[in-house]
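Visitor: I'd like to go through this model term by term. Could you show it to me first?

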Amino acid sequence: MHFAIASSVHDIGKFYDMDYYIASKNYDIERIKKHLFHSYYMLNSESQSLKVIYTVAFHHEYYGLGYGPFNSIYLAKKTANPHHYSKNIISYDVYDVLNCDSIAYFPSKMLEIVDVYDTISHPWFDDQPLQADTIEVALNKMRKHFIEEEVKIDPILFDVFVGYLEELTQRDLSLYSKLKFK
Ligand SMILES: [Fe+2]
Ligand SMILES: [Fe+2]
């Protein structure tokens with residue numbers, strides 16, 4: 001249930017900068033980053049559960065290659081305890097992530113995939129290099145740019161997502177989830 005809520009409000013912080021999101025064609029990463037923090041404060045003030053708040057807050061982390069609050073949380077942890085190490089890559093328990101026992105939050109990693117897919121296959125993304133007109137092109141671009149070149153989205157969850165789309169479309173999309181091992 002919390003995943004459904006988080007997904008539907010994951011970009012609610014963009015509300016604070018509608019001029020940019022509606023009218024601007026210039027890619028401004030510093031401005032874009034702010035939507036996460038606005039979302040965080042909005043959901044916090046509505047007393048949403050920690051699961052909802054952090055599913056949203058961590059949805060652009062991309063395993064350390066994106067942006068979001070986890071880096072600051074991790075640095076604070078390492079400063080307090082230089083010997084700390086994270087035992088897990090991914091956890092379904094938000095406290096594991098907040099305590100840095102895990103470096104990624106499972107619901108956020110799922111949301112990242114859905115969010116990237118939704119963004120690059122959206123018509124308003126038409127002037128961007130990653131724009132995709134078909135499911136196959138979208139999955140190919142995601143695999144190339146978000147897994148093969150740099151591991152940003154989770155490869156196993158990506159396979160699950162491809163399987164979900166196969167069920168939905170009754171098409172064989174398995175080709176688009178295959179990792180290439182060099
Ligand atoms: Fe976002
Ligand atoms: Fe989004």
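**How the labels are earned**

Guide: The face of α9 turned away from its buried side carries Ile156, Val160 and Glu167, which are exposed; exposed here means 12 or fewer other C-beta atoms within 10 Å of a residue's own, buried means 20 or more, anything in between is partly exposed, and C-beta atoms are placed from the backbone. This is a predicted model, where local features need pLDDT of at least 70 and side-chain atom pairs count only at pLDDT 80 or more, while totals for chains, interfaces and linings use all residues. Residues are numbered from 1 along each chain as its sequence is written, with chains lettered from A and ligands numbered from 1 in the order in which they are written.

Visitor: Which residues of α9 are buried, and what puts them on the same side?

Guide: Phe158, Phe161 and Val162 are the buried ones. They cover an arc of only 100° around the axis, so they share one side of α9; the arc is that of the directions from the helix axis to the C-beta atoms. As background, an α-helix has 3.6 residues a turn, so residues three or four places apart point the same way.

Visitor: What do the buried residues of α9 pack against?

Guide: They pack against α7 (106-120) and α8 (135-148), going by contacts, meaning C-beta atoms within 7 Å. On α8, the buried residues are Ala138, Leu139, Met142, Arg143 and Phe146, and these pack against α7 and α9.

Visitor: How do you know that the span of α8 agrees with the expected one?

Guide: The expected span is 1.5 Å times one less than the number of residues. For the 14 residues of α8 that gives 20 Å, and the end C-alpha atoms are 18 Å apart, so the two agree.

Visitor: Why are α3 and α4 called roughly antiparallel?

Guide: Helix α3 (residues 29-45) and helix α4 (residues 50-57) pack at about 170°, with axes 9 Å apart. Angles over 145 degrees count as roughly antiparallel, so that is the label for this pair. Leu36, Ser39, Tyr40, Leu43 and Asn44 of α3 make the contact with Val52, Ile53, Val56 and Ala57 of α4.

Visitor: How many helices and strands are there, and what makes the protein as compact as a globular one of its length?

Guide: There are 9 helices and 2 strands, counted as DSSP runs (H or I, at least four residues; E, at least two) numbered from the N terminus. The radius of gyration, taken over C-alpha atoms, is 17 Å, close to the 16 Å from the globule rule for 182 residues, so the protein is as compact as a globular protein of that length. That rule is 2.2 Å times the number of residues to the power 0.38.

Conventions
Contact = placed C-beta atoms within 7 Å. Axes fitted to C-alpha atoms, helices over the stretch in contact; angles between N-to-C directions. Parallel < 35°, antiparallel > 145°, perpendicular 65-115°, else oblique.
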